[in-house]
Amino acid sequence: MSKKILKWILCGTAAVFGFISAMMLFAPALVDKVVGLVEFKGSDIAFGKEIMMGQGFAVSAYMLPLFLALIGVALMVVAALGKGGKIVPIVAAVCFIGAGICYFLPMVLATPSIPEGLEGELKSEFIKEFREGMKEAYKLAAGAIVGGIFSIIAAVVAVVPVFVCKD
């Protein structure tokens, strides 16, 4: 098998795994520990969702896995086309690793919607209590776990062409 075809296969595989990882943001990321009925999708945490009476999630840094995974996919397409040299797959792998790590941190990256009138110390105390409550009440769901694993596998596959397909 020629090295060019092998490079296409490896870059394509990494891109597909990265795309699957990105789509896992729209699957359940958190589920309650007790009953298992209350689920929050990663997109709810990332882009905000009202739970009840103005309380819930605000736009947060949990959208980072989506963007990092999609950047990694774009870079793998560039690498498959033979552009960018050896640095592009390495940067893509770093993006995939970052996305994989972020997928496992929804409770840390989630931001509550702040009630009106809270400023300074009260605001920081509210955020601290919100995050502690999240850690006690919720656990990772399948979407976050699968997204993180697929992203890390994409990172490993993305680096392989650097060492195997020497031009």
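Leu70, at 34% relative accessibility, counts as partly exposed, because the buried class ends at 20% and the exposed class begins over 50%. In this predicted model, Leu70 is found in helix 3, and, once neighbours within four places in sequence are left aside, Leu70 is in contact with Phe19 and Ala22. Leu70 and Ile51 are 19 residues apart in sequence, yet their C-alpha atoms lie 28 Å apart in space. The points below go from the overall fold to helix 7, the nonpolar core, the nonpolar surface patch and some individual residues.

**Overall fold**

- The secondary structure of the protein comes to seven helices and six strands, and, read along the sequence, these elements follow the pattern α-β-β-α-β-β-α-α-α-β-α-β-α.
- Taken along the principal axes, the box filled by the C-alpha atoms of the protein is roughly 65 × 35 × 20 Å.
- Of the 167 residues in the protein, 41% are buried, and the protein exposes about 8,900 Å², of which carbon and sulfur atoms supply 72%.
- When contacts between residues at least 6 apart in sequence are considered, 69% of them join residues at least 24 apart.

**Helix 7**

- Helix 7 covers residues 142-164, and at 1.5 Å a residue its 23 residues should span 33 Å; because its end C-alpha atoms are 33 Å apart, the expected span and the model agree.
- The buried residues of helix 7 are Gly143, Ala144, Gly147, Gly148, Ser151, Ala154, Ala155, Val157, Ala158, Pro161 and Val162.
- An α-helix has 3.6 residues a turn, so residues three or four places apart point the same way.
- The partners against which the buried residues of helix 7 pack are helix 1 (3-23), strand 1 (28-32), helix 3 (64-80), helix 4 (87-103) and strand 6 (138-140).
- Ala144, placed in helix 7, has a relative accessible area of 1% and is therefore buried.
- Apart from neighbours within four places in sequence, Ala144 is in contact with Pro28, Ala29, Tyr62, Tyr103 and Phe104, and its C-alpha atom is separated by 9.0 Å from that of Cys102, which is 42 residues away along the chain.

**Nonpolar core**

- The largest nonpolar core has 41 residues, and those with the most contacts inside it are Leu30, Ile45, Phe57, Tyr62, Met76, Phe96 and Met134.
- Two or more residues of this core are given by each of helix 1, strand 1, helix 2 (42-47), helix 3, helix 4, helix 5, helix 6 (120-137) and helix 7.
- Phe57, one of the core residues with the most contacts, touches Phe40, Asp44, Ile45, Gly48, Lys49, Ile51, Ala110, Thr111, Pro112, Ser113, Phe130 and Met134, when residues up to four places away in sequence are not counted.

**Nonpolar surface patch**

- A nonpolar patch of about 780 Å² on the surface is made by Ile97, Ile101, Phe104, Leu105, Val108, Ile145, Ile149, Ile152, Ile153 and Val156.
- Helix 4 and helix 7 each supply at least two residues of this patch, and the largest share, five residues, comes from helix 7.
- Leu105, a member of the patch, has its place in the loop between helix 4 and helix 5 (106-109), and at 32% relative accessibility Leu105 counts as partly exposed.

**Helix 1 and the loop before helix 3**

- Leu6 is found in helix 1 and, at 27% relative accessibility, counts as partly exposed; although Leu6 and Cys165 are 159 residues apart along the chain, their C-alpha atoms are separated by 7.4 Å.
- Thr13 also lies in helix 1 and is partly exposed, with a relative accessible area of 30%; the C-alpha atoms of Thr13 and Val159, 146 residues apart along the chain, are separated by 12 Å.
- Ser60 has its place in the loop between strand 4 (55-58) and helix 3, and it counts as buried because its relative accessibility, 7%, is under the 20% cut-off.
- With neighbours within four places in sequence left aside, Ser60 is in contact with Ile45, Ala46, Leu109, Ala110 and Thr111; of these partners, Ile45 is also one of the residues with the most contacts inside the largest nonpolar core.

Definitions and conventions
Residues are numbered from 1 along each chain as its sequence is written. This is a predicted model: local features need pLDDT of at least 70, side-chain atom pairs count only at pLDDT 80 or more; totals for chains, interfaces and linings use all residues. Side-chain values use heavy atoms; hydrogens and water are left out. Helices (H or I, at least four residues) and strands (E, at least two) are DSSP runs, numbered from the N terminus. The expected span of a helix is 1.5 Å times one less than its number of residues. Buried means under 20% relative accessible area, exposed over 50%, partly exposed in between (1.4 Å probe, protein chains only). Contact means heavy atoms within 4.5 Å. Patches are made of residues with over 30% relative accessible area and no salt bridge: like charges are joined within 9 Å, nonpolar side chains (Val, Leu, Ile, Met, Phe, Trp, Tyr) within 5 Å. Accessible areas come from the Shrake-Rupley method with a 1.4 Å probe; for residues, only the protein chains shown count as cover. A salt bridge is a side-chain nitrogen of Lys or Arg within 4 Å of a carboxyl oxygen of Asp or Glu. A nonpolar core is a set of buried Ala, Val, Leu, Ile, Met, Phe, Trp, Tyr and Cys residues joined through side-chain atoms within 4.5 Å.
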